[in-house]
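Trainee: I should like to study one part of this model closely. Please begin with a single residue and then explain the part that deserves the longest look.

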Amino acid sequence: MEVKIMLSDIEIALGTKMLPITTVSQQLGIKDEELELYGRYKAKLDFSLFERLKERKNGRLVLVTAINPTPAGEGKTTTTVGLGQAMAKIGQKAIIALREPSLGPVFGIKGGAAGGGYSQVLPMEDINLHFTGDMHAVTSANNLLAALLDNHIQQGNLLQIDPRQVTWKRCLDMNDRALRQIIIGLGTKMDGVPRQDGFQISVASEIMAILCLADGYDDLKSRLERILVAYTYDGRPVTAGQLKAQGAMAALLKDALKPNLIQTIEGTPAIMHGGPFANIAHGCNSLSATKLALKLSDIVITEAGFGADLGAEKFFDIKCRYGGLTPDAVVLVATVRALKYNGGVPKANLSEENPKALAKGVANLEKHIANIHLFGLPCVVAINRFPTDTDEELDFLMKRCEELGAKAAISEVFTKGGDGGVDLAKALVAVMNSKPSAFRLLYDIDTTIKEKIACISSKIYGADSVVYTAAAEKSIASIEAMGYGSLPICIAKTQYSLSDNPALLGCPSGFDITVREVRLSAGAGFIVAVTGDIMTMPGLPKAPAAEKIDNDSAGVISGLF
């Protein structure tokens, strides 16, 4: 086992003998003609499969979420993958549904999103790089819309678009801070109309959010048509439909709309599709992938971005609302490290035993459990074990979960794969069998924008009140005047705190949430309330991960992790 721990993720992945994807698909009863092969180990699932299975009964849906993490993350995707593998160990037919990684973080500091250790999805090097081209399709569709918009202004501007009120940005699936604020159209008259512009990372594009909420090609095109791109000189909104862009954009996204079938290290089926930003969007894999997985398996294990305050709330109030999904249970990932961090221990000292900080930080876990119960769902706590955790710390955490009425299990899926998640899988099945879901949404969709924001802020974050800047107030009035006030809310805030201040750890009280900006994502179908400083184009760190990535003369990649 010590040898296993010393191996890197990429070494473990490359040392695994994968099953042909046709063998994986046979486990799920998928016909060969329903697969579009991307080599031997990846495939897209044709929409004829949706049609064939539409009358089949759904399996049970499990969401994996987490407490507020440390900046290094705490293994939510690894737990999701390991839990899927563990289900097979105990004789359950399960499938996992994940988001696709973005290239930018892979080459930056965060790394990929394929799990880790002996709980990964494969082929991890393909997944973390170009995969099946979905990210490139989103980037191309986004930038086609930008090009059509600027071309319209150049070619006479019949819609009277105000260049100072263009809201649509270009995108690139790479961390490049130099592109956050740029000037375009410099040069001669034929080079375009000069104006201020900027790039965001591709996963922050509204098109990615649309891809992940679209229900087929017609719905995709309809959502693309509704995208708000600019305002006219007299303040009227301009949409992608007015630029006649939706057809060509949908054509670019034709294949990207189809979910991708892959496998875990242990051959468990996995569907990986879409990857919307977890701050300014809903941060979940595609609705189509989740719905298809529910038809293919008895248990579907999926995840949502960041902690439960951001990820789980949006999964329920946006994705489940639009998709008509009814989750059966929630797995809440917690670590001794993250709880000590929430108890005030600096990141550099998290490996040191500190019972006092752990006892203080456990308030964060308590709040997240309470939040999950607000949605009427049973909760199982997965204590993701790290090598520096002591038995005393783990015993304390297990007992505290029991006192809170939440079933808990130690998870060691990173080092042991499915075997390390058997206790967790058994606990989850037992809870689902004994505690039926009473799922409910947090707020009434027909209440005002401010009422919905206040509901989330008070019930989920624990805020006393919500403060709005003048710009936010103006945007809310405009959005409601345009008839979009009944859309769900997507709050963008830091993932490190229940509040909008990353320094307020644990379970803070006596604070306000400040909404400084409100954006309309009319195509995706939600309203983004921005709190704090949310970066949609990340930068690279001083020592980017890209510096260590290479491939040899045989094309074998190294240093990916």
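Mentor: In this predicted model, Cys379 counts as buried, with a relative accessibility of 5%. The cut-off for that word is a relative accessible area under 20%. The sulfur of Cys379 lies 8.2 Å from the closest cysteine sulfur, which belongs to Cys401, and that is too far for a bond. A disulfide requires two cysteine sulfur atoms within 2.5 Å. By this rule the count of disulfides is zero. Cys284 is likewise in no disulfide, since the nearest cysteine sulfur, in Cys320, is 7.9 Å away. Cys284 is also buried, at a relative accessible area of 0%.

For contrast, consider Arg400, which has its place in helix α16, residues 391-403. At 21% relative accessibility, Arg400 counts as partly exposed.

The part for the close look is the second largest pocket. Rolling a probe the size of a water molecule over the atoms shows where empty space is left. In the second largest pocket that space amounts to about 1,400 Å³. Its lining consists of 43 residues, and Val166, Thr167, Lys169, Glu517 and Arg519 lie nearest the centre. Among the elements that give two or more residues to this lining are the strands β7 (161-166), β12 (228-232), β22 and β23, and the helices α9 (206-213) and α20 (470-481). Strand β22 provides the largest share, namely six residues. By character, the lining residues divide into 21 nonpolar, 12 polar and 10 charged.

Let us now follow β22 into its sheet. This is an open sheet of four strands in the order β20-β22-β23-β21, and its pairing is mixed. Strands β20 (465-468) and β21 (489-492) stand at the edges; each has a single partner strand, and therefore one side of each is left without a neighbour in the sheet. From one strand to the next, the twist averages 40°.

The mixed pairing becomes clear when one looks at both partners of β22. On one side, β20 and β22 pair in the parallel sense over four bridges. Here Ser465 stands opposite Asp512 of β22. On the other side, β22 (residues 512-521) and β23 (residues 526-531) run antiparallel and are joined by six bridges. Within that pair, Val515 has Thr531 of β23 as its bridge partner, and Ser521 stands opposite Phe526 of β23. These two strands form a hairpin with four residues between them. In its turn, Gly525 has a positive phi of about 95°.

A further sheet also meets the pocket, because β7 and β12 both contribute to the lining. It is an open sheet of three strands in the order β7-β12-β13, with antiparallel pairing. Strands β7 and β13 (237-239) stand at its edges with a single partner strand each, so one side of each has no neighbour in the sheet. Ignoring direction, neighbouring strands of this sheet are turned by 50° against each other on average. Two bridges join β7 to β12, and Val166 stands opposite Ala230 of β12. Val166 has already been mentioned as one of the residues nearest the centre of the pocket.

Terms used: Residues numbered from 1 in each chain as written. Predicted model: local features only at pLDDT ≥ 70, side-chain atom pairs only at ≥ 80, totals over all residues. Heavy atoms only, no water. Pairing = 2+ DSSP bridges. Axes fitted to C-alpha atoms, helices over the stretch in contact; angles between N-to-C directions. Buried < 20%, exposed > 50% of the residue type's maximum accessible area, 1.4 Å probe, protein only. 1 Å grid on protein atoms, 1.4 Å probe; cavity = no way out; pocket = protein on both sides within 12 Å on 5 of 7 lines; lining within 4 Å. Points joined across faces, edges and corners; volume = space filled by probe spheres on them. Nonpolar A, V, L, I, M, F, W, Y, C, P; charged D, E, K, R; others polar.
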